[in-house]
Amino acid sequence: MKHGAVFAITGVLAGSLVPLQRVSPLVGTALAGVAQNAAPPAPPAPQPAAPYTYQGTVHSVQAKTGTLELITGVGHALRLVQMRVPTGLQVAGTAGGASLGVRGVKPGDVVRVVCHRAGGSLVADKVEKLEPTR
C-alpha cells in the first residue's frame, strides 16, 4: 500500500521560500489535525478612552446645550476646542467651593479640562478653574 507524499513549507528566509521538504504522512496528518483544532485568536479587549487634558481661556459657555468652547495654544497657533460638559459636573477652584455644570465658568476664565472622546466629540470629566498667578 502506497502513501501519498505530504509536503510542508518550512519557512520564509530573506524574502524567498525555503525549499519544500518531504514529511512523513503521519506528521502531515498530525499537523493538519492541529491546524483544524486550533482556536481562533481572541479579539483584543476594548481599550478605555484615552484622556485628553486641555488648558486655556474660556471662549464661550452655552448652559442650555452644556457646551464649552476653549481657546488653547498649540505651538504658535491658537485652536478653538469645543466639548460637552455633563449636567451636574463639579467645577473645582471656583469661589465658595465647587459649582454645578458650565455655570461655574464664564468667558475669559482660565481653566484646565480633562476629557475623553465619546461619540465623535469631547466630553469633560473634570473642569478646574485656574487662578491667575501674580
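Reader: Which residue of strand 11 stands opposite Arg-84?

Author: That is Val-123. A strand here is a DSSP run of E with at least two residues, numbered from the N terminus. This is a predicted model, in which local features need pLDDT (the predictor's confidence in each residue, from 0 to 100) of at least 70, side-chain atom pairs count only at pLDDT 80 or more, and totals for chains, interfaces and linings use all residues. Residues are numbered from 1 along each chain as its sequence is written, while side-chain values use heavy atoms and leave out hydrogens and water.

Reader: Why are strand 7 and strand 11 said to pair?

Author: Two strands pair if DSSP finds at least two bridges between them. Strand 7 and strand 11 are joined by two bridges, so they meet that rule. They run parallel.

Reader: What makes strand 10 and strand 11 a pair?

Author: They share nine bridges, so the requirement of at least two is met. Here the sense is antiparallel. One of the facing residues is Ala-118, whose bridge partner in strand 11 is Ser-121. The hairpin has two residues between the strands, and Gly-119 takes a positive phi near 60° there.

Reader: Why is Val-58 called buried?

Author: Buried means under 20% relative accessible area, exposed means over 50%, and partly exposed is in between, using a 1.4 Å probe and protein chains only. Val-58 has 3%, therefore it is buried. Val-58 belongs to strand 5. Its C-alpha atom is 5.3 Å from that of Gly-108, 50 residues apart along the chain.

Reader: And what makes Ser-60 buried?

Author: Ser-60 has 16% relative accessibility, so it too falls under the limit of 20%. Ser-60 is also in strand 5.

Reader: How do you know that Ser-60 and Glu-69 make a polar contact?

Author: A polar contact is a pair of N or O atoms within 3.5 Å; within protein, one must be able to donate a hydrogen and the other to accept it, and residues adjacent in sequence count only if both atoms are side-chain atoms. The side chains of Ser-60 and Glu-69 are joined at 2.9 Å, so the distance fits.

Reader: Which residues touch the most other members of the largest nonpolar core?

Author: Met-83 and Val-113 do, in a core of 17 residues. Such a core is a set of buried Ala, Val, Leu, Ile, Met, Phe, Trp, Tyr and Cys residues joined through side-chain atoms within 4.5 Å. In soluble globular proteins, nonpolar side chains tend to be buried together.

Note on methods. Helix = DSSP H or I, 4+ residues; strand = E, 2+ residues; numbered from the N terminus.
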